[in-house]
Each structure stands twice: as C-alpha cells, then as structure tokens.
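Please look over the sequence and the 3D structure below before reading on. The report that follows moves from single residues to strands, a helix and charged pairs.

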Amino acid sequence: KHKWSLQIGAAHLCVETLKKLRMGEELMREGFSREQTALALTQIAARAVHPASELATAEWIRTRSDICRLTGYDVSRITKDKLYASSVRLFDVRKGLMRHLSRWTKELFGYDDSIILYDLTNTYAEGQYAGSTWWDYGNSKEKRKDCKLLVLALVVNRHGFPKHYQLFEGRMQDTDSLRKIIDELDRQLRELGVKPVIVIDAGIATADNLDLIRGKGYKFLCVSRSSQKAYKPMEGEPVQHLEDKLHQPIEIQRVKVEFKSGKDGKMPAAAKDTFYWVRSEAKAAKENGMYDQFTRRFEAELEKIKASLQKKHGTKSTDKVLIRIGRAKEKYPSVASHYDIEYTEDNGIVTDLTWKLKEGYDHNDTAGKYFLQTNLDGKDGL
C-alpha cells in the first residue's frame, strides 16, 4: 500500500531533454538567476507533462509530481504567483530562446535548413478579454465564431523543428502575416548562414507576398492561388507518376503558363516562374465527396423554396423568393454558380421554380487538380 506517491517518469524525460538543449545555460545568459532558472525549467517541463493553468500546475507540482527533485527548486516555494511571474519572464526572452533552440538543435541533430515551411493557425479562448489588443474575433479554424482568437505563425524546417514563431492579433488574415514575420526570419536565417527554399500554401501566396520573398532573394514553392486556365504542357516534359507519403498516386507535369502584360506594358513577376500541373486521386476523391454533399444541400434548399410556392402561407412573391434563392447561393457558392435557375411568375407571384446543371460543366474535369508555382530552376540543385 502507498500512502503517498509522486510521478517522475515523464518529468525526468522532459528535464533531461532541457539539459540536452542547454536551456538552463541559455536562461542564465538571458539574465535569470539560478533560482529563477530552476523555476523556469520546472514550469516548462511541468507544462509539457501536465498542461494546465498556473493554479492547477502549482497544485500538480506540489501534490502529484517529484519534478522539483530533478530541477533543484524548493517545492515548498511553488505558488501560482511565482509561476505567473516566471511565465512573464520567459515571454520577455522568447526571441533569444528561439534563436538558441534553432541554432543548437541544428548542431545537435545535424539536420539541414535547405527547406522551411511557413503556415498559420489560431486558437480560441472563452473569456471576455475586453481590454486586450491581441484577442479578437476572426475566422476560427475550430469553427468557434463566438470566441475571440489569437493567431500563431510558425516556421519549421523539413524535419519539423521550429525555426521561428510569432503571435498575431485574432483578426489577422493569412495574407497579411508574412510581411510582418519575414524581416525577423531573414535576420535569423542570416545568422545561421542559410538561404532556404520557403514553402507556403495558397492562402499566403498572394502576388505581393511572392514579390516580398523574391525581393529578399529567397526561392519559394507554393500552391498557385489561380487555376491557370491558359497553359500547355512543356515540350518534352511527360506526365510523371509519383506517390505521396501515404503511397497515394500523384500525376505531375511541367507546363507553360501564358501571361498578359499589365496596363504599364510590363509582364507580371510570375511570368518568370515555373509551373507544374498536379493531379491527386486522393484530393479528387475528397473534393468530389464535398461537391456531392454541397450539391445535395443546395438542391434541398431549392426544393424547400419550391415547396413553399404550393403552401397556403408560403413565400410566393417574386422579391421574397429571389431573396431566398440568393441566400441559398450565398450559403453554397462553390456549387451555386454551376446551376441555371429559372422561375415563372404571374402578377408578381412565382408559380414555378426549376433548376439544372449548366451544360458542359463536369466537376471531375477540375477535381484533384492544382498548380505548383516556384522560382526554382534546374541550377538550384533541389
């Protein structure tokens, strides 16, 4: 029987990892005292093992874990207020810690930074945050439109090691973030002596952002934001058949995209880029499934509108019927544009409603297809 038992296994793993990463030494270089360093290491490891508030973390350290035996901090001195103060100090030196971790993990694991990936995510909070300039309403990736958000931009290398991060206001759009982070990232990468290829998705790959990347002298690879209707296969470039990491088939072919000059007579910068036509069977299956689902829902909305025409107190006036049709189109824009909708009316009253798919449109022609855009060429060796 055990009257009193404490956990130590997971905490031991985390503390040993922090030692390998030389976090204690870096914190002391940042001005932490030995006691403050021990408390910070205790907090970091505790949060990794048992993510919780400062109040719950302090309780967990005092009653359920023997982590202080590993870090050398006096467990009797653990309070939520000390953890709050430690969190603030860690936040103040976050940039120095990130630079240290970026350099040291590269040396420790011997990886290369020839490719980095940049993306954004957000998290919500259920509090009010009435006076906060950071937390704000935005496009929640978790569909929590009722909660305020905070945006996290993260840069990782091909092995998944974070190279840089930055927090943004909840209202931040994907297209606006790169300009705010590229300068800091550029300084950091110059310190490391590398000039990697930057990989971004279509949400960030605006023409202005790509110009920004070019202006900094970086190579990039992204999913093109446009469908590139005017293209043709490059001569002598056959379709290549590859597999992704899940062994799903992918077709890829280098193509020539035609661009028109702007009003100033100059060709856009993208005219010098290389484009690849790509088709993924897995992506096609997913898109077809979503398209079929949206089609059924859109037609169900139209069926409700049509059924209302036959009800005694149903919506029949032309103006109101058109408003209902417009709301249905607004709700399912990805499929609504592919329909021809017609109605008949008599003295401002709609008597019938019909719809059909536009002739010549087949969703399978575009499903699973997209274009990759890059300023890499054969001389880059990647």
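## Thr374 and its surroundings

In which strand does Thr374 lie? In this model, which is predicted, Thr374 belongs to strand E12, a run that covers residues 369–374. Its relative accessible area is 4%, and because buried means under 20%, Thr374 counts as buried.

The side chain of Thr374 has polar partners in the backbone. A polar atom of that side chain lies 2.6 Å from the backbone oxygen of Phe220, and the side chain also reaches the backbone nitrogen of Leu376, at 2.9 Å. If residues up to four places away in sequence are left aside, Thr374 touches Phe220, Leu221, Asp273, Thr274 and Tyr276. Among these, Phe220 is the residue whose backbone oxygen was just described, while Tyr276 appears again below as a bridge partner of Arg254.

## Strands that pair with E8

Strand E8, which spans residues 249–257, runs antiparallel to strand E6, residues 231–233, and three bridges join the two. Within this pairing, Lys232 has Lys256 of E8 as its bridge partner.

Strand E7, residues 240–243, is likewise antiparallel to E8, and here four bridges make the connection. Glu243 stands opposite Pro249 in E8. How many residues lie between E7 and E8 in the hairpin that they form? There are five residues between them, and one residue in the turn, His247, has a positive phi of about 65°.

E8 also pairs with strand E9, residues 274–280, in an antiparallel arrangement that is joined by six bridges. In this pairing, the bridge partner of Arg254 is Tyr276 in E9. Tyr276 is also one of the residues touched by Thr374, so a reader who follows the contacts of Thr374 arrives at strand E9, where Tyr276 is found.

## Helix H7

Helix H7 is made up of 16 residues, from 94 to 109, and the distance from its first C-alpha to its last is 22 Å, which is close to the 22 Å expected at 1.5 Å a residue. Which residues of H7 are buried? They are Gly96, Leu97, Met98, His100, Ser102, Trp104 and Thr105. After the helix comes Gly110, a residue whose phi is positive, near 65°.

## Thr318 and its surroundings

A second threonine, Thr318, is found in helix H11, which covers residues 318–331. Is Thr318 buried or exposed? With a relative accessible area of 9%, Thr318 is buried.

Thr318 and Val350 are separated by 32 residues in sequence, yet their C-alpha atoms are 5.5 Å apart in space. Leaving out residues up to four places away in sequence, the contacts of Thr318 are Tyr343, Glu345, Gly348, Ile349 and Val350. With one of these, Glu345, there is a polar contact between side chains, at a distance of 2.5 Å.

## Salt bridges

Side chains of opposite charge can pair when their charged atoms come close. In this model the count comes to 15 salt bridges. One of them joins the side chains of Asp81 and Lys80, with 3.2 Å from N to O. Both partners are partly exposed, since the relative accessible area is 49% for Asp81 and 34% for Lys80.

Another salt bridge is formed by Lys283 and Glu287, whose closest N and O atoms are 3.0 Å apart. Both residues lie in helix H10, residues 281–308, and they are four residues apart, which is about one turn of the helix. Lys283 counts as partly exposed at 32% relative accessibility, and Glu287 is partly exposed as well, with a relative accessible area of 22%.

Lys306 forms a salt bridge with Asp352, and in this case the closest N and O atoms are 4.0 Å apart. Lys306 lies in helix H10 whereas Asp352 lies in strand E11, residues 349–357, so the pair ties together parts that are 46 residues apart in sequence. Lys306 is partly exposed, with a relative accessible area of 30%, and Asp352 is partly exposed too, with 31%. Elsewhere, Glu126, Arg144 and Asp146 are joined into one network by salt bridges that share partners.

How values were computed:
Residues numbered from 1 in each chain as written. Predicted model: local features only at pLDDT ≥ 70, side-chain atom pairs only at ≥ 80, totals over all residues. Heavy atoms only, no water. Pairing = 2+ DSSP bridges. Expected span 1.5 Å × (residues − 1). Buried < 20%, exposed > 50% of the residue type's maximum accessible area, 1.4 Å probe, protein only. Polar contact = N/O pair within 3.5 Å; in protein donor to acceptor, adjacent residues only side chain to side chain. Contact = heavy atoms within 4.5 Å.
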